[in-house]
Amino acid sequence: MNDIVLEARGIVKRYGHVTAVAGADFDLRAGEILAVIGDNGAGKSSLIKVLSGDVVPDAGEVLLDGKQVHFKSPHDAQLAGIETVYQDLAMAPALDIATNLFLGRELRRKGPLGSVLRMLDVKEMRAQSRKQMDALGITTLQSITQPVDSLSGGQRQTVAVARAAAFGRRVVIMDEPTAALGVRESKGVLDLIRRIRDTGIPVVLISHDMPAVFEVADRIHIHRLGRRATVVRPGDHEMNEVVGIMTGALPPPAMVAEAS
Ligand SMILES: Nc1ncnc2c1ncn2[C@@H]1O[C@H](COP(=O)(O)OP(=O)(O)O)[C@@H](O)[C@H]1O
Ligand SMILES: [Mg+2]
């Protein structure tokens with residue numbers, strides 16, 4: 001059985017009178033791509049924000065590698081090795097790819113040039129960016145010195161995913177990464193998600209795109225009315241069955257703990 005890397009128990013998050021997350025459980029296992037699906041308003045993003053430190057829950061606990069964590073900000077989660085790609089990409093369009101990869105985590109020159117004059121080590125950042133792109137097999141970006149605003153939507157998404165993969169030492173989370181992309185661009189991002197998993201970092205993929213979910217997910221967490229309804233394997237169910245469970249038309253089958 002695969003180890004649980006990231007876990008949540010009994011998460012509750014209220015916004016005024018709205019209970020966005022109503023006692024949700026969650027677990028992500030080593031080596032897997034876990035898709036999280038559910039109707040609009042089911043509380044997927046709110047749950048994921050708890051895991052990524054963006055939201056502090058009203059109740060419940062989060063465990064990383066079996067130890068309880070108390071994230072107060074996304075920065076806390078990042079320090080713990082959890083990187084999140086949000087739908088609204090935080091990028092600096094006028095800056096180049098390498099600079100965007102290191103945005104907020106810039107490498108400084110060694111010695112007083114870096115520590116006193118705060119000079120950036122552009123050469124090192126470019127070298128590491130190239131290495132990262134090669135490691136992920138990204139061939140759609142011609143030059144890492146290209147400004148991000150010259151890139152297509154898919155290429156920008158690729159940069160965001162590469163950034164998450166570069167810094168996500170334990171977990172990479174993606175909220176609807178292919179929502180704004182064309183078919184070919186989506187395929188590129190899905191390939192990238194598989195490669196991240198294959199480097200040993202489990203991935204949480206929140207998506208409405210059922211064919212994509214069935215293509216890449218090892219397990220599918222079905223979220224309904226603020227809670228985890230169940231977890232299924234894509235190979236065990238037809239797509240319309242899973243949609244039926246998601247909408248409440250079909251009763252949720254027993255949860256599966258392992259990908260296969
Ligand atoms: N910042 C917020 N303020 C108020 N209500 C919110 C906020 N974020 C989410 N909600 C509400 O919480 C519920 C769950 O939303 P969300 O987590 O975004 O669901 P999903 O991602 O599954 O569509 C919805 O009813 C939504 O309107
Ligand atoms: Mg959402």
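**Entry 1. Burial and overall form**

I began with burial: in this predicted model, 41% of the 260 residues in the protein chain are buried. I then looked up the contacts with a separation of 6 or more, and found that residues 24 or more positions apart account for 67% of them.

For the secondary structure I noted nine helices and ten strands in the protein chain. The radius of gyration is 19 Å, close to the 18 Å that the globule rule gives for 260 residues, so the chain is as compact as a globular protein of that length. Along the principal axes, the C-alpha atoms fill a box of roughly 60 × 40 × 35 Å.

**Entry 2. The four-stranded sheet**

I next traced an open sheet of four strands, whose order is E2-E1-E4-E5 and whose pairing is antiparallel. Strand E2 (18-29) and strand E5 (67-69) are its edge strands, each pairing on one side only. I recorded an average turn of 25 degrees between neighbouring strands of this sheet, direction ignored.

Which residue of E4 is the bridge partner of Ala8? I found Val62 in that place. The antiparallel pairing of E1 and E4 extends over five bridges. On the E5 side, Val62 stands opposite Val69, and Leu63 stands opposite Gln68. Three bridges join E4 (residues 59-64) to E5, and these two strands run antiparallel. I also looked at how E4 and E5 are connected: they form a hairpin with two residues between them, and Asp65 in the turn has a positive phi of about 50 degrees.

One helix belongs in this entry. Helix H1 (residues 44-51) lies across strand E1 (4-15), E2 and E4, and runs at about 120 degrees to E1.

**Entry 3. The surroundings of ligand 1**

I listed the residues that surround ligand 1: Tyr15, Val18, Ala20, Gly38, Asn40, Gly41, Ala42, Gly43, Lys44, Ser45 and Ser46. Which element gives the most to this shell? I found that H1 does, with three residues. E2 and H1 each supply at least two residues of the shell. I noted that H1 thus recurs here after its appearance across E1, E2 and E4.

**Entry 4. The six-stranded sheet**

I then followed a second open sheet, of six strands in the order E6-E7-E8-E3-E9-E10, with mixed pairing. Strand E6 (82-85) and strand E10 (227-232) stand at the edges with a single partner strand each, so one side of each is left without a neighbour in the sheet. I recorded an average turn of 20 degrees between neighbouring strands here, direction ignored.

At the E10 end, I counted on strand E9 (residues 219-224), which pairs with E10 in the antiparallel sense over five bridges. Ile222 stands opposite Thr230 in E10. Helix H6 packs on the sheet and touches E6 and E7; the direction of H6 makes about 175 degrees with that of E6. Helix H9 (residues 239-247) lies across E3, E9 and E10, running at about 30 degrees to E9.

**Entry 5. Helix H7**

I examined H7 (residues 183-198) by itself. This helix has 16 residues and reaches 23 Å from its first C-alpha to its last, close to the 22 Å expected at 1.5 Å a residue.

Which residues of H7 are buried? I found Ser186, Gly188, Val189, Leu190, Leu192, Ile193 and Ile196. An α-helix has 3.6 residues a turn, so residues three or four places apart point the same way. I kept that in mind when reading the buried set, which includes Val189, Ile193 and Ile196.

The buried residues of H7 pack against strand E3 (33-37), helix H6 (153-167), strand E7 (171-175), strand E8 (203-206) and helix H8 (210-216). I noted that E3, E7 and E8 are strands of the six-stranded sheet. After H7 comes Gly200, whose phi is positive, near 105 degrees.

**Entry 6. Ala30**

Last, I looked up Ala30, which lies in the loop between E2 and E3. Is Ala30 buried, exposed or partly exposed? I found 15 C-beta neighbours inside 10 Å, so Ala30 counts as partly exposed; a buried residue would need 20 or more.

I also took one distance from this residue. The C-alpha atoms of Ala30 and Asp175 are separated by 19 Å, and the two residues stand 145 residues apart along the chain.

Conventions:
Residues numbered from 1 in each chain as written. Chains lettered and ligands numbered in written order. Predicted model: local features only at pLDDT ≥ 70, side-chain atom pairs only at ≥ 80, totals over all residues. Pairing = 2+ DSSP bridges. Axes fitted to C-alpha atoms, helices over the stretch in contact; angles between N-to-C directions. Contact = placed C-beta atoms within 7 Å. Rg over C-alpha atoms; globule rule 2.2 N^0.38 Å. Buried ≥ 20, exposed ≤ 12 C-beta atoms within 10 Å, placed from the backbone. Expected span 1.5 Å × (residues − 1). Near = placed C-beta within 6 Å.
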